[in-house]
Structures are given as C-alpha cells and as structure tokens.
Amino acid sequence: MSILPRTFGQGPTSSEICIDQGISVKNPQFNKCINFYETQNSLNRNTMILGTTVTILGALFFERECDCLFGPDRGEKFKP
C-alpha cells in the first residue's frame, strides 16, 4: 500500500528509502539506488493511470452498448 502515496509524490523520497536500507550517500550504489526507485515510481504511476483510463473507457463503452448503468431507464433492456 505504500506504493500509492509514493507514486503521486507523497511518502518517503527515493534517497530516504535508500538511506533506510543502509546505503549511505558516499556509497557508489547510492545513485543507482535512487535511479531504481525513481524508475519504479514512474512505472507505477504510468501503470495506475493506464489502468484507470482503461477501466473508465470500458465502463463508458459498456454503458453505450447496454444502456444499463446510468439514467432512469437503466436495466430496462434486460426486463422481459
């Protein structure tokens, strides 16, 4: 669950995560660690935006085809 806040700019920064893992600023791996978490953060953000967009578009196309989600006549198409 800590992915969600970090994905949108809340929570610990990449450098704080690396330091918490015991990688000091003087360590040559420090910049690689930061780059890794920045890349993962960007990937998570893009995946969440894509998933939300696909879900919304799917719901809109489903509504257009069946006329059963919104409006006063919802579900009328399926009544005998």
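Is Tyr37 buried or exposed? Hold that thought for a moment, everyone, and thanks for coming. A quick reminder before we go on: what you see above is a predicted model.

Now, back to the tyrosine. Tyr37 is buried, because its relative accessible area is 17% and the limit for that class is under 20%. Its partner sits in another class: Phe36, at 46% relative accessibility, counts as partly exposed.

I say partner for a reason. Applying the ring criterion gives a count of one aromatic pair. That pair is Phe36 with Tyr37, arranged edge-to-face, with 5.1 Å from centre to centre and 75° between the planes. For those of us who like to parametrise things, a pair of aromatic rings is described by the distance of the centres and the angle of the planes.

Next, the cysteines. The model has one disulfide, formed by Cys18 and Cys33, with 2.0 Å between the sulfur atoms. The link joins distant parts of the chain: Cys18 belongs to helix 2, residues 14–20, while Cys33 belongs to helix 3, and 15 residues separate them. What is the handedness of this disulfide? It is left-handed, because the torsion about the S-S bond of Cys18 and Cys33 is about -100°. Both cysteines are buried.

A neighbour in sequence to look at is Lys32, also found in helix 3. Lys32 counts as exposed, because its relative accessibility is 54% and that class starts over 50%. Between Lys32 and Cys18 there are 9.6 Å from C-alpha to C-alpha, with the two 14 residues apart in sequence.

Let's put the buried residues together. Which residues make up the largest nonpolar core? There are seven: Ile17, Cys18, Ile23, Phe30, Cys33, Ile34 and Tyr37. So our opening tyrosine and both disulfide cysteines are members. Helix 2 and helix 3 each supply at least two residues of this core, and helix 3 gives the largest share, with four. As background, in soluble globular proteins, nonpolar side chains tend to be buried together.

Finally, please turn to the surface. Here Ile56, Leu57, Leu60 and Phe61 form a nonpolar patch, and together they have about 380 Å² of accessible area. Take Leu60 as one of them: this leucine lies in helix 3, which spans residues 30–66. Leu60 is partly exposed, at a relative accessible area of 49%.

That's my tour. Happy to pull up any of these residues on the screen if you'd like to look again.

Notes
Residues are numbered from 1 along each chain as its sequence is written. This is a predicted model: local features need pLDDT of at least 70, side-chain atom pairs count only at pLDDT 80 or more; totals for chains, interfaces and linings use all residues. Side-chain values use heavy atoms; hydrogens and water are left out. Patches are made of residues with over 30% relative accessible area and no salt bridge: like charges are joined within 9 Å, nonpolar side chains (Val, Leu, Ile, Met, Phe, Trp, Tyr) within 5 Å. Accessible areas come from the Shrake-Rupley method with a 1.4 Å probe; for residues, only the protein chains shown count as cover. A salt bridge is a side-chain nitrogen of Lys or Arg within 4 Å of a carboxyl oxygen of Asp or Glu. Buried means under 20% relative accessible area, exposed over 50%, partly exposed in between (1.4 Å probe, protein chains only). Rings of Phe, Tyr and Trp (its six-membered ring) pair if their centres lie within 6.5 Å; planes under 30 degrees apart count as stacked, over 60 as edge-to-face and the rest as tilted. A disulfide is a pair of cysteine sulfur atoms within 2.5 Å. A nonpolar core is a set of buried Ala, Val, Leu, Ile, Met, Phe, Trp, Tyr and Cys residues joined through side-chain atoms within 4.5 Å.
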